[in-house]
Amino acid sequence: MSEGNWMDVRETAPSAERNKQPILEVLQRVLPASGLVLEIGSGTGQHVAHFAKALPKLTFQPSEMEATRHASIAAWIAHEQLVNVRPPIALDVMRLPWPVRAADAIVCINVIHISPWGATVALMEGAAKILPPGGVLATYGPYQRDGKHTSPSNEEFHKNFLQARDPRWGVRNMEEVEKVAKRNGLDLAEVLAMPANNFTLVFRRGSPHVAD
Ligand SMILES: C[S@@+](CC[C@H](N)C(=O)[O-])C[C@H]1O[C@@H](n2cnc3c(N)ncnc32)[C@H](O)[C@@H]1O
């Protein structure tokens with residue numbers, strides 16, 4: 001091993017390489033100009049490194065409930081020499097209160113279908129607690145619409161990969177996700193079709209009701 005790369009434990013997910021730029025192009029438009037962005041389920045760390053490099057005025061907080069993945073996230077931050085990314089923290093959305101008490105925006109990629117439904121409920125509850133009024137939660141992944149898969153490949157993925165691995169996992173119905181978000185004061189502001197039959201959903205926390 002050559003000197004200098006002894007700490008390079010970066011993991012690379014091919015899907016993250018493919019989708020990081022299309023997702024960034026949405027985030028460049030919907031994230032605030034400055035402030036703190038919490039990423040939930042940072043995985044390898046490829047996304048947060050890509051986003052932080054392109055959006056230097058924002059500060060990013062990566063998180064990953066599996067602590068064994070923190071080394072890869074930290075290695076991506078180090079490799080890209082990013083000064084606007086905090087060290088990764090452990091965050092399981094099911095465990096309230098979250099270790100981050102306030103964030104200006106939240107990004108959550110490929111988590112909703114690879115976790116039990118209770119995680120989506122907890123995501124919406126937790127996000128509503130830490131976002132300011134108008135704050136954005138952006139989720140990315142495959143969704144059913146009106147109870148139907150949007151492609152044969154998503155149906156196959158749902159049945160033969162997700163449900164086979166864990167019957168509590170699955171491609172969710174977008175309308176159900178919207179409903180649980182709404183219950184927590186998060187309005188579905190945009191539904192954006194993405195490559196490979198995925199969607200980015202942009203939720204915005206509504207302003208608190210002001211009595212006349
Ligand atoms: C397929 S990985 C996606 C990783 C990365 N965002 C990506 O797209 O490459 C699924 C992610 O869901 C996260 N996840 C599952 N259940 C969770 C929970 N209860 N709280 C927080 N994250 C959760 C996992 O830790 C993992 O990071």
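**Exercise 1. Serine 72**

Task: In this predicted model, decide whether serine 72 is buried or exposed, and find which residues it is in contact with beyond its neighbours within four places in sequence.

Solution:
- Step 1. Start with the relative accessible area of serine 72, which is 1%.
- Step 2. Compare this with the cut-off: buried means under 20%. Serine 72 is therefore buried.
- Step 3. Place the residue in the fold: serine 72 belongs to helix H3.
- Step 4. Now look around serine 72, leaving aside neighbours within four places in sequence. You will find contacts with Val9, Arg10, Glu11 and Thr44.

**Exercise 2. Asparagine 198**

Task: Which backbone oxygen atoms does the side chain of asparagine 198 reach, and is the residue buried or exposed?

Solution:
- Step 1. Find the residue in strand E6, which covers residues 198-205.
- Step 2. Its relative accessible area is 11%. That falls under the 20% limit, so asparagine 198 counts as buried.
- Step 3. Follow the side chain of asparagine 198. The backbone oxygen of proline 195 is 3.3 Å away.
- Step 4. Another partner is the backbone oxygen of alanine 196, at 3.1 Å from a polar atom of the asparagine 198 side chain.
- Step 5. Setting aside neighbours within four places in sequence, asparagine 198 is in contact with Tyr140, Gly141, Pro142, Leu192 and Ala193.

**Exercise 3. Glycine 147**

Task: Where is glycine 147 found, and how far is it in space from glutamate 176?

Solution:
- Step 1. Look between strand E4 (136-141) and helix H5: glycine 147 is in the loop there.
- Step 2. Glycine 147 has a relative accessible area of 45%. This value lies between the 20% and 50% cut-offs, so glycine 147 is partly exposed.
- Step 3. Count along the chain, and glycine 147 and glutamate 176 are 29 residues apart; from C-alpha to C-alpha they are 9.3 Å apart in space.
- Step 4. Beyond the neighbours within four places in sequence, the contacts of glycine 147 are Asn173 and Glu175.

**Exercise 4. Backbone surprises**

Task: Which two residues does a cis peptide bond join, and what is the phi of glutamine 81 and of asparagine 110?

Solution:
- Step 1. Recall what to expect: most residues other than glycine have a negative phi, and most peptide bonds are trans.
- Step 2. Check the bond between leucine 96 and proline 97. Omega is about -5 degrees, and the bond is cis. Proline 97 sits in the loop between helix H3 (70-79) and strand E3 (105-109).
- Step 3. Turn to glutamine 81, in the loop between H3 and E3. Although glutamine 81 is not a glycine, its phi is positive, about 55 degrees. With a relative accessible area of 70%, glutamine 81 is exposed.
- Step 4. Finish with asparagine 110, in the loop between E3 and H4. Its phi is also positive, about 55 degrees, and it is not a glycine. Asparagine 110 is partly exposed, at 25% relative accessible area.

**Exercise 5. The largest pocket and the ligand**

Task: Which residues lie nearest the centre of the largest pocket, and which come nearest to the ligand?

Solution:
- Step 1. Begin with the pocket itself: the largest one has a volume of about 1100 Å³.
- Step 2. Its lining has 39 residues, and those nearest the centre are Ile109, Asn110, Val111, His113 and Ile114.
- Step 3. Sort the lining of the largest pocket by class: 19 residues are nonpolar, 14 polar and 6 charged. Helix H1 gives the most, with 5 residues.
- Step 4. Move to the ligand, which has 14 residues around it; Gly41, Glu64, Asp92, Val93 and Ile109 come nearest.
- Step 5. Look for polar contacts. One nitrogen atom of the ligand is 2.6 Å from a polar backbone atom of glycine 41. A backbone N or O atom of valine 93 is 2.9 Å from a nitrogen atom of the ligand.
- Step 6. Return to asparagine 110: an N or O atom of its side chain lies 3.2 Å from an oxygen atom of the ligand.

**Exercise 6. The largest cavity**

Task: Which helix gives the largest share of the lining of the largest cavity?

Solution:
- Step 1. Note the volume of the largest cavity, about 30 Å³.
- Step 2. Read off its lining: Ile40, Val93, Cys108, Val111, Ile112, Ser115, Ala119, Thr120 and Leu123.
- Step 3. Helix H4 (residues 117-130) supplies the largest share, 3 residues.
- Step 4. By class, the cavity lining has 7 nonpolar and 2 polar residues, and no charged ones.

Conventions. Residues are numbered from 1 along each chain as its sequence is written. This is a predicted model: local features need pLDDT of at least 70, side-chain atom pairs count only at pLDDT 80 or more; totals for chains, interfaces and linings use all residues. Side-chain values use heavy atoms; hydrogens and water are left out. On a 1 Å grid over the protein atoms alone, a cavity is a set of points where a 1.4 Å probe fits but cannot get out, and a pocket is an open set with protein on both sides within 12 Å along at least five of seven lines; lining residues have an atom within 4 Å of a point. Grid points are joined across faces, edges and corners, and a volume is the space filled by probe spheres set on the points. Helices (H or I, at least four residues) and strands (E, at least two) are DSSP runs, numbered from the N terminus. Ala, Val, Leu, Ile, Met, Phe, Trp, Tyr, Cys and Pro count as nonpolar, Asp, Glu, Lys and Arg as charged, and the others, Gly among them, as polar. Buried means under 20% relative accessible area, exposed over 50%, partly exposed in between (1.4 Å probe, protein chains only). A polar contact is a pair of N or O atoms within 3.5 Å; within protein, one must be able to donate a hydrogen and the other to accept it, and residues adjacent in sequence count only if both atoms are side-chain atoms. Contact means heavy atoms within 4.5 Å. A residue is near a molecule or strand if one of its heavy atoms lies within 4 Å of it.
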